[in-house]
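Colleague: I should like to request a close look at one part of this model: the places where segments of the chain meet one another. Please write for a student who is new to reading structures.

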Amino acid sequence: MTASDGDRRRWPGGRRWPARAVSLAILALLALPAGPLAAQPVNLLPGAPGQDAAPAPAPAEPPSTGGWRGPSRSDDRVPSEPPRIQVGELAAPSEGPIGALSPQQGAFASTLWQGSQAAALRPLFDSLGGTDSVALQGLQRRLMLTPAEPPQGISAAGFLALRLAALLDSGAAADARALAGARPAAAGGDPALPRLAADAAWLDGAPGGACDIAAGAGQPAGSAYWEKADLLCRLAQGDTALAALAASSIAEVSDRPDSFYLAAREILNAGPDTVAANPSLATLPGLAPDPTTIALFALTHARPPDGFAAGASPAALAAIARLPQAPLEMQRQAAEGAVAFGSLPPEDLARLWLAAADDEAATTAPARTFRTLDADVRDPRLPAVADDRVDAVLLAGRSAGLEATMARTAAPLLARLRPGMLNGRTAADAMRTFLRAGDVEEALSWWQRLNALRGNREAETALTGIWPLLFLAAPAGHLPWSEEAFAVWTASVADLPFTMQQERERAFLALADALGRRSARDLRAGPAAADPGSERLRATRQQFDEAVAAGRQGEAALAALALFHPGGPAEADLALAAHVVAGLDRLGMPAAARGLAVEAALGAGL
């Protein structure tokens, strides 16, 4: 059959090839390894040869069992007589705990999951995801990254896959990549591990690491995910012509071509020298912001179409915010969501807000107020920053539904101020902002500096307003109970409606009691009975109670995450919040308990 011009396609270089011949050729080419990356063994360690440089996680302290353990020997002494040959099954080598967090960085004990059954944990893992609660994010991160023996009923590799999926769902791609890199060579295989590890690398901007994983994944031929990975790895190696040939061939021979290949064909067929020309992809149906598609835009420097970030996961939002060729408005919107989820450093959003000065579409009230406060803080000629600047920043965040985002982004700016620059109410609001952002140390630092200004009316107003929150946030004994301080605080809220005043006092005393803080007169105002909630909530609470009673730390903490997800303690029933805080504190997890208590108190209006 003679191919007409309509049956032919033009490829980079200007030559024309029959479509069917190209399809057969490309299938043969795709069967070849993707070059030097494919020839390397799989290595999930960050910073390994062939990977993008990334800081390796701090090594965890070895547990008492001594890390990786081979088959056990009951006695290392030389026997006095030749041993008899015994026939039996060899025990499987024991794998050391897999994790990426040291005790100094907040890791729990390696016995975290001891006594728990994997089947009981799976529904709790399934309930996790993105949240703007900094307390939940911190607790989940510590749970997932702690080097610990797996629970009963699951292999070390299978449990690693569960933890990687939870980290990726919550937006912690960098943490997921670090955890994948902590997997020892002796760990058994799990079919989900290679793809999870590769997704973490794509989303964390490490194509070299993803390609190392793809080269050794050992996936069956025809796997759609690994075919995409092969195309991306050819791009990463600079083999743009072959990648373009592959994209066009696969898009042409498929009855229902994937939008990934349609996008790759449209971008790459323009030629490697014009890839940065930002071709329009707006007409492509179903172009999803998944890890491989985001990697395609990152490697080709093509402009993603409008609306591309819609429905993106927390980790995908962070990756989109880091695409320099994306429209500034898209970067800004993605960054605002990613910072709330804890998947992007706040300073990245701060740079975008400052860069939005000349882009009307990207200039919102949060961006404008942040930019104004930043200019004031950096201006050495101004003797003080006006209180209304701080008020405007915090109000803009609340009004735009970005309270958590604004707290985390504005906290470093506020930390550069002197507490005495602000009036008492505004200084207390600044300290609340530090607590919302999870920076207890900065809030306590302001407390100490305000204490040095005793006799100053504004300082005393700030100290009174923030006292109950810092009493809950600080370690036991740091701010000892004072009947006088409690009386001054209750007097300061006396001008509120009586019901609101009672609610705040009850919330503070219930949470203080949950943390084991006793007053001299044993003042306690326990909350009303908790709303039983849905059947799932009741079952999860029962599981939490059973785990606390049995001393199963990991299971109890995981159940706490499920009980509070996604709104966090600030949106939870007060009785439930106090109950969970008390349980975690009793289990020997005081820092986690304090973080949850502070967010519950903030939600109650303290």
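Modeller: The answer below starts with the whole chain, turns to its cross-link and helix contacts, and ends with two residues in loops.

The model is a predicted one. Its protein chain has 27 helices and two strands. Of the 606 residues in the chain, 49% count as buried. Contacts between residues 24 or more positions apart make up 68% of those with a separation of 6 or more.

The cross-link comes next. A disulfide is a covalent bond that joins the sulfur atoms of two cysteines. The structure holds one disulfide. The two cysteines are C211 and C233, and their sulfur atoms lie 2.2 Å apart. The bond links distant parts of the chain, for C211 belongs to helix α8 (residues 207-215) and C233 to helix α9 (residues 224-236), a separation of 22 residues. The torsion about the S-S bond is -110 degrees, and the link of C211 and C233 is left-handed. Both C211 and C233 are buried.

Helix α9 also has a partner in α7. The axes of α7 and α9 come within 12 Å and cross at roughly 40 degrees. The crossing of α7 with α9 is left-handed. From α7, the contact draws on P194, R195, A198, D199 and W202, while α9 supplies Y225, W226, A229, L232 and C233. By class, the contact of α7 with α9 has eight nonpolar residues, two charged and no polar. One name deserves attention here: C233 takes part in this contact, and C233 is also one of the two cysteines of the disulfide.

Helix α7 appears once more in the surroundings of helix α6. Helix α6 (residues 173-181) is mostly covered, with eight of its nine residues buried. The buried residues are A173, D175, A176, R177, A178, L179, A180 and G181. These buried residues of α6 pack against α4 (134-145), α5 (156-170), α7 (193-203) and α13.

Two further pairs of helices can be read in the manner of α7 and α9. In one pair, helix α17 (residues 387-399) and helix α19 (residues 424-436) have axes that come within 10 Å and cross at roughly 40 degrees. An angle between 35 and 65 degrees falls in the oblique range, and therefore α17 and α19 are oblique to each other. Their crossing is left-handed. D387, V390, D391 and L394 of α17 meet R425, T426, D429 and T433 of α19. In the contact of α17 with α19, two residues are nonpolar, two are polar and four are charged.

The other pair is helix α20 (residues 440-451) with helix α21 (residues 457-473). These helices pack at an angle of about 145 degrees, and their axes are 10 Å apart. The crossing of α20 and α21 is left-handed. From α20 the contact uses V440, A443, L444, W447, L450 and N451; from α21 it uses A459, A462, L463, I466, W467, L470 and A473. Sorted by class, the contact of α20 with α21 has 12 nonpolar residues, one polar and no charged.

Two loop residues complete the account. As background, most residues other than glycine have a negative phi, and most peptide bonds are trans. H301 sits in the loop between α12 (291-300) and α13 (314-321). Phi of H301 is near 60 degrees, a positive value in a residue other than glycine. The relative accessibility of H301 is 48%, which lies between 20% and 50%, so H301 counts as partly exposed.

P566 lies in the loop between α25 (553-564) and α26 (574-586). The peptide bond that joins H565 and P566 is cis, with omega about 0 degrees. P566 has 47% relative accessibility and therefore counts as partly exposed. Apart from its neighbours within four places in sequence, P566 is in contact with G130, T131 and D132. Moreover, the C-alpha atoms of P566 and S127 are separated by 9.1 Å, although the two residues are 439 residues apart along the chain.

Key
Residues numbered from 1 in each chain as written. Predicted model: local features only at pLDDT ≥ 70, side-chain atom pairs only at ≥ 80, totals over all residues. Heavy atoms only, no water. Axes fitted to C-alpha atoms, helices over the stretch in contact; angles between N-to-C directions. Helix = DSSP H or I, 4+ residues; strand = E, 2+ residues; numbered from the N terminus. Left-handed = near helix turned anticlockwise from the far one by under 90°. Contact = heavy atoms within 4.5 Å. Nonpolar A, V, L, I, M, F, W, Y, C, P; charged D, E, K, R; others polar. Parallel < 35°, antiparallel > 145°, perpendicular 65-115°, else oblique. Disulfide = S-S within 2.5 Å. Buried < 20%, exposed > 50% of the residue type's maximum accessible area, 1.4 Å probe, protein only.
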